[in-house]
Amino acid sequence: MKFLKVLYLLVGLAIIFAIVGCGAAPAAAPAEEKPAAEAPANAKKEYKDLTVCYPQLGAESDWRTANSASLKETAKELGVNLVFSDAQQKQENQISAMRACIQQGVDVIALPPVVEDGWDAVLTEAKDANIPVIIVDRSVSADPSLYAAHIGSDMVLEGKKAGEEMNKLLPEGGKIVELSGTTGSGAAVGRAKGFRETLAKNIEILDSQTGNFTTAEGKPVMEAFLKKYAGEIDGAFIHNDNMAIGAVEAMKAAGLKPGDIKIVSVDGTRGGFQLMIDGWVQADVECNPLLGPQVMEMALALANGEPVERETLTKETVYFPDQAAELLPSRQY
Ligand code: GYE
């Protein structure tokens with residue numbers, strides 16, 4: 001009996017050692033891993049290590065509001081530190097904001113340029129400081145060697161689509177006006193160019209004035225057109241939905257009815273969809289502002305010295321009144 005007891009005890013102890021031993025093995029493993037502090041200096045950056053500067057050009061439109069929100073929300077979700085500012089549509093404010101970011105030593109600058117020209121000096125400063133710049137949304141005329149990439153819409157293509165729609169709306173030809181975006185901006189320059197490239201020969205552009213992409217400035221421009229060309233205007237190409245909202249206010253005040261002047265607008269915002277539902281706008285060329293995820297993904301790649309696409313164009317469509325009511329509730333901007 002005594003012998004059996006000793007045997008049981010020995011077997012029991014052996015089992016206990018085996019269990020403890022097994023448990024101890026993996027516990028020992030982390031000791032072999034390098035503690036975080038000893039991570040190599042060239043370790044890959046993660047989103048949480050990233051500081052991205054976004055010197056936003058302004059808050060002139062619903063497109064812009066959605067664009068700012070997309071950048072901010074994406075940064076928050078990913079844990080990116082976003083240095084955001086609002087230049088109130090002034091290039092000098094954007095340049096000062098960029099200089100402050102260069103001074104601060106951010107990892108990447110993503111720049112939505114208010115106009116195309118005048119960026120060479122500050123882009124050179126960023127390059128000299130080894131801070132990669134992604135041009136976002138509108139384009140710049142600077143030498144491409146001064147920035148890493150461009151992410152945004154093909155503004156010329158948007159203008160072409162708008163021209164095609166105007167041709168369909170005025171098959172017999174006619175006279176139209178153009179409410180253009182901010183003078184010298186890539187969006188306005190590209191849309192005007194593409195539009196003229198596709199517009200039918202029997203459609204005459206009576207006049208073109210800027211409404212600076214805002215509702216407030218779009219309204220008086222249309223008011224002036226309606227006075228100057230009373231009864232003559234068959235159509236209007238309006239470079240964004242916010243100016244279309246202003247233009248429609250002017251048309252209502254002048255006693256016009258939906259459809260009296262055929263309107264092709266750009267952006268595809270909720271405001272534009274409402275104008276289609278109400279019969280004022282006949283086609284709305286989409287321009288997608290939700291660029292946050294693409295910008296952050298590229299910023300991380302650049303911060304890690306990885307190669308990126310030089311030109312990333314947003315895929316876009318054209319919206320029409322017949323789908324507007326159905327799609328409006330799901331519009332994100
Ligand atoms: O169409 C307009 C905004 O640059 C694409 O800017 C952007 C344009 C957009 O103010 O609504």
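Hi everyone. A quick definition before we start: two strands count as paired here if DSSP finds at least two bridges between them. With that in hand, let's look at this structure, which is a predicted model.

I'll begin with the sheet. It is open, it has six strands in the order 2-1-3-4-5-11, and the pairing is parallel. What stands at the edges? That would be strand 2, residues 81-86, and strand 11, residues 311-313. Each of these two has a single partner strand, so one side of each is left without a neighbour in the sheet. From one strand to the next, the twist averages 15 degrees.

Let's zoom in on one pair. Strand 3, residues 108-111, runs parallel to strand 4, residues 133-136, and three bridges join them. If you'd like to find one on screen, look for Ile109, whose bridge partner in strand 4 is Val133.

Now, over to the ligand. Where does the ligand sit? You'll find it in the largest cavity. There are 13 residues around it, and the ones that come nearest are Glu60, Asp137, Arg138, Asn240 and Asp267. Two helices deserve a mention as well: helix 2, residues 62-78, and helix 6, residues 186-198, each supply at least two residues of the shell around the ligand.

For those of you who like polar contacts, here are some involving ligand oxygen atoms. The side chain of Asn240 has an N or O atom 2.8 Å from a ligand oxygen. For Ser61, the distance from a side-chain N or O atom to a ligand oxygen is 2.9 Å, and for the Arg191 side chain it is 2.9 Å. On its own, the ligand has 290 Å² of accessible area, and the protein covers 100% of that.

Thanks for listening!

Definitions and conventions
Residues are numbered from 1 along each chain as its sequence is written. This is a predicted model: local features need pLDDT of at least 70, side-chain atom pairs count only at pLDDT 80 or more; totals for chains, interfaces and linings use all residues. Side-chain values use heavy atoms; hydrogens and water are left out. Helices (H or I, at least four residues) and strands (E, at least two) are DSSP runs, numbered from the N terminus. Axes are lines fitted to C-alpha atoms, for helices over the stretch in contact, and angles run from 0 to 180 degrees between N-to-C directions. A residue is near a molecule or strand if one of its heavy atoms lies within 4 Å of it. A polar contact is a pair of N or O atoms within 3.5 Å; within protein, one must be able to donate a hydrogen and the other to accept it, and residues adjacent in sequence count only if both atoms are side-chain atoms. Accessible areas come from the Shrake-Rupley method with a 1.4 Å probe; for residues, only the protein chains shown count as cover. On a 1 Å grid over the protein atoms alone, a cavity is a set of points where a 1.4 Å probe fits but cannot get out, and a pocket is an open set with protein on both sides within 12 Å along at least five of seven lines; lining residues have an atom within 4 Å of a point. A molecule sits in a cavity or pocket if more than half of its atoms lie within 2 Å of its grid points.
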